[in-house]
Amino acid sequence: MSEEPVHVQLQPLGEAFDLPRGTPLRHVLFGYGLEFPCGGRGRCKRCRVRVIEGALATHPEDASVLSPEELRDGWRLACHARADASVTLEIAQWDVAILADDSSFDFTPSEGLAVAVDLGTTTLVAQLLDLDTGRVLAVRAALNPQAAYGSDVMSRLQFALTGEGRASLTDLIRGRIGALVGELTAGAGGAAIRDIAVVGNTVMHHLFCGIDVEPLSHVPFEPLRDGLELFRASELGWQVAGDPPVRFLPCLGGFVGSDILAGILATRMYHSDALVGLIDLGTNGEVVFGNRRRIVCASTAAGPAFEAGRISKGMRASSGAIFEVTLVGGRVQCRVLGDVAPRGICGSGLVDAVAAGLDLGAIQPSGRLANGQPSFPLCPPVELRQADIRELQLAKAACAAGIRILLERLGATVRDVERLYLAGAFGNYVNRASARRIGLIDFPDEVVHPSGNTALLGAKLALFSPALDFAPIRARVEHVSLAAHPRFQEIYVEQMGFPPQ
Ligand code: FES
């Protein structure tokens, strides 16, 4: 074995390390929580990993278990793989629970098939729709392959501004979504597709559409071109029967993209007499409040803490993740996804854990661990360190400050909000009492409604209204730049602490 190391990165975990060239990956990845259900005998396929960048040689066993398409897409069995070259790997076992949308909605039937795509910073979801019945015929989900260049939009921007960075991020995302659309249409027997609608935040919009992202990298973070972008599938390099139009729906400004415009469509906020809110806390945090008269929106620099990014034992909500923490008789109890030993904590577990720490007095309202303790133990080997609590404080302060500034802009208070929709995976799974305990979502329970993937639902609604004019809705929406707000810093610092008991 040569001593020259190779560099290995794991997505979506965000871990990176060096290994001596030729090291078998099995034991190394086991240490990061990858399970080998058939004991590495090449039967279960559950250990498969996908090469996002770099190379991982195929083993003869791979071809007997994986399909030619999977091999071509870069899938390999980790149980047989050796690190012969630097590589970035996507771990299939951790690629679960991407939130799609199965809500019913009103629509006017038309003919044909169409595809709705939610292009998230972390995940991608595409649904094939029958425009006559409104039924979802198939769903495909994947990780955003750009995650190899950073988990949040700022790191993607930094990479996009280097040499060929932007072009490669554009190629990566077009290629991956094209593959998802190809899988969906292959399942439909190659029937012609009439329309494809894509939604995403402003950075995803620019990178997909091939627009210069430089203006998004500095104050005042204003997009260069943020309207509806129209392509033919063939222009994007996609082989789709019918060569349908591909519409990337327009942004609302700054980092507030068409995913939030789609959320406004999905919640029907622009028809409501009452004051309604929509909060989407993903890798990026977006907040909207409004009604039929006026809508204000902002993007918060919350960072990835709500998805457990930058948390020492943080991980996605998949096998081995602590997703719920409660206190029973003054003792911490954890629930772990997949009924296996805990190996990390996801966003909902993190909020619960800090709420429990506050109730126990192990975490002070300032966020400091009490009595000089180095950590707050949860379920071994998972614990919260001081830096983890700080990371959550920064995220929740950014979000809470955004909520306050937008409500102030409307001359309203928390009590005036009749419905608050929590979108996205975090909004769906977070415990509302814990979110209130840490001062994140300080609204009465009866007002708060988990609302699933409103971005995908809005994209579907747009497919049923191809002539929908977004201009009147966009004209009603005022984008508030929090970075430029004179009191943002002061309110942000105020919101940093946790509410006392
Ligand atoms: S562990 Fe079963 S195929 Fe690799």
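Strand S16 (residues 295–300) and S24 run parallel and are joined by three bridges. Strands and helices here are DSSP runs numbered from the N terminus, with at least two residues (E) for a strand and at least four (H or I) for a helix. Two strands pair if DSSP finds at least two bridges between them. Across this pairing, Val296 stands opposite Glu478 in S24.

A word on the model itself. It is predicted, so local features need pLDDT of at least 70 and side-chain atom pairs count only at pLDDT 80 or more, while totals for chains, interfaces and linings use all residues. Residue numbers start from 1 along each chain as its sequence is written.

Back to the strands: S16 and S24 sit in an open sheet of six strands, ordered S23-S22-S14-S15-S16-S24, with mixed pairing. Its edge strands, S23 (448–450) and S24 (477–479), each pair on one side only. From one strand to the next the twist averages 20 degrees. H7 packs on this sheet and touches S14 (275–281), S15 (285–290), S16 and S22 (417–423), its direction making about 135 degrees with that of S14. Axes are lines fitted to C-alpha atoms, for helices over the stretch in contact, and angles run from 0 to 180 degrees between N-to-C directions. Residues are in contact if their C-beta atoms, placed from the backbone, lie within 7 Å.

How enclosed is H7, and which residue comes after it? Ten of the ten residues of H7 (residues 258–267) are buried, so the helix is largely enclosed by the rest of the structure. Buried means 20 or more other C-beta atoms within 10 Å of a residue's own, exposed means 12 or fewer, and partly exposed is in between, with C-beta atoms placed from the backbone. Right after H7 comes Arg268, with a positive phi near 55 degrees.

Asn201 ties in here too. It is found in the loop between strand S11 (193–200) and helix H6 (202–209), and it counts as buried, with 28 C-beta neighbours inside 10 Å. Asn201 and Ile260 are 59 residues apart in sequence, yet their C-alpha atoms are 7.7 Å apart; Ile260 is one of the buried residues of H7. Beyond neighbours within four places in sequence, the contacts of Asn201 include Phe255, Asp259 and Asn284.

Next, a helix pair. H4 (residues 153–160) and H5 (residues 165–187) have axes that come within 7 Å and cross at roughly 125 degrees. H4 and H5 are therefore oblique to each other, given that under 35 degrees counts as roughly parallel, over 145 as roughly antiparallel, 65 to 115 as roughly perpendicular and the rest as oblique. Arg156, Phe159 and Ala160 in H4 meet Gly165, Arg166 and Leu169 in H5.

There is also a hairpin. S9 (residues 123–130) and S10 (residues 136–143) pair antiparallel over seven bridges, with Ala126 opposite Arg140 in S10. Five residues lie between the strands, and Gly134 in this hairpin has a positive phi near 80 degrees.

Here are the two positive phi values together:

| Residue | Place | Phi |
|---|---|---|
| Arg268 | follows H7 | near 55 degrees |
| Gly134 | hairpin of S9 and S10 | near 80 degrees |

Finally, the domains. The assignment, whose bounds come from an automatic or database source, gives domain 1 (5–94) and domain 2 (113–268). Their C-alpha centres lie 28 Å apart, and the contact takes eight residues from domain 1 and six residues from domain 2.

Conventions. Contact = placed C-beta atoms within 7 Å.
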